[in-house]
Amino acid sequence: MKKLVVLTGAGISAESGINTFRDTAGLWEGHDVQEVASAQGYLANPELVLDFYNKRRKQLLEVSPNKAHFNLTHLETFFKVEIITQNVDDLHERAGSSNVTHLHGELLKVRSTLDEKNVLDWRKDLLLGDLCKKRAQLRPHIVWFGEAVPLFEKAIKITQNADILVIIGTSMQVYPAASLINYVKPNTPIYFIDPKPTVSESAFQHLTILKEIASSGTETLLRYLKA
Ligand SMILES: NC(=O)c1ccc[n+]([C@@H]2O[C@H](COP(=O)([O-])OP(=O)(O)OC[C@H]3O[C@@H](n4cnc5c(N)ncnc54)[C@H](O)[C@@H]3O)[C@@H](O)[C@H]2O)c1
């Protein structure tokens, strides 16, 4: 089976009712991203940051995967599909995708501030005073702006082995995730699905842009790939 690698961003979850942040004037649910999604923001106001992620977690438990997530699951009948997502939601998993790498962490997990390898499943609110076994504060298991991306090396290897690369719903503004497009082998076909694409076909070899929302764009993709 050919290896199909998919890089997804916030746009694939937009039709499930989760807002992207570039579409809302750079504010994420009304907040400056540096305030709620950076290590400095957490140090300055941990309560605000925990509350922000508590609201995101609660919202995530109320929404469902959409057609685009399910179309990617369907592709597993025809390809070995590897998803690399910038999203912290679990909608790919709930749609049934088998191989999902979360570059920027996961909303339904928390970790110790003392030991980043101590990761726990978490579905309720996270509060100041919620501690790990070593009595250190727990924090959201999210890669905040300015922090290292531990799974980036893994994502590079996955991308280097792609026979086809598909990119869906990302503004390609967040690095290093956006640089993954540069790691495909020469002549690898690339499909880019986004209603407001930020790359142009002339910028990359073998790039096809599908200027559509994720649900209809993935339908078009299935036709292109005869899946
Ligand atoms: N669902 C989530 O987990 C979620 C939501 C918001 C932000 N974030 C985080 O914020 C960062 C934002 O970077 P990003 O590039 O992923 O998102 P972004 O907000 O920077 O860009 C969103 C992209 O999605 C496109 N888009 C909007 N509606 C779409 C639709 N219906 N179908 C397809 N595309 C659509 C926009 O044109 C835009 O290019 C990520 O690192 C991510 O961790 C995650």
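## Helices and a loop with unusual backbone angles

In helix H3, the buried residues (under 20% relative accessible area, with a 1.4 Å probe and protein chains only) are Val49, Leu50, Phe52, Tyr53, Asn54, Arg56, Arg57, Gln59 and Leu60. Helices here are DSSP runs of H or I with at least four residues, strands are runs of E with at least two, and both are numbered from the N terminus. H3 covers residues 46-60, and because a helix is expected to span 1.5 Å times one less than its number of residues, these 15 residues should span 21 Å. The end C-alpha atoms of H3 are 21 Å apart, which agrees.

A word on the model: it is predicted, so local features need pLDDT of at least 70 and side-chain atom pairs count only at pLDDT 80 or more, whereas totals for chains, interfaces and linings use all residues. Residues are numbered from 1 along each chain as its sequence is written, and side-chain values use heavy atoms, with hydrogens and water left out.

Now for the whole chain. The protein chain holds 7 helices and 11 strands. Its C-alpha trace spans about 55 × 35 × 30 Å along the principal axes. For 227 residues, a compact globule would have a radius of gyration near 17 Å, and the 18 Å of the protein chain agrees with this; the radius is taken over C-alpha atoms, and the globule rule is 2.2 Å times the number of residues to the power 0.38. Of the 227 residues, 52% are buried. Among contacts (heavy atoms within 4.5 Å) with a separation of 6 or more, 63% join residues 24 or more positions apart. The exposed surface comes to about 11000 Å², by the Shrake-Rupley method with a 1.4 Å probe, and carbon and sulfur atoms supply 52% of it.

The loop between strand E9 (164-168) and strand E10 (190-193) deserves a closer look, and Tyr183 has its place there. Tyr183 is partly exposed, at 31% relative accessible area, that class lying between buried and exposed (over 50%). Leaving aside neighbours within four places in sequence, Tyr183 is in contact with Phe152, Ile156, Thr159 and Gln160. Gln160 is 23 residues from Tyr183 in sequence, yet their C-alpha atoms are 5.5 Å apart.

Most residues other than glycine have a negative phi, and most peptide bonds are trans. Pro176 also lies in the loop between E9 and E10, and the peptide bond from Tyr175 to Pro176 is cis. Met172 and Asn187 each combine a positive phi with a place in the loop between E9 and E10. Met172 is buried, with a relative accessible area of 9%, whereas Asn187 counts as exposed at 55%.

The backbone angles can be set side by side:

| Site | Backbone angle |
|---|---|
| Met172 | phi near 55 degrees |
| Tyr175 to Pro176 | omega near 10 degrees |
| Asn187 | phi near 75 degrees |
| Lys226 | phi of about 55 degrees |

Lys226 comes just after helix H7. In H7 (residues 214-224), the buried residues are Ala214, Ser215, Gly217, Thr218, Thr220, Leu221 and Leu222. Which elements do the buried residues of H7 pack against? Their partners are helix H4 (67-74), E9, E10 and strand E11 (207-210). E9 and E10 are also the strands on either side of the loop that holds Tyr183.
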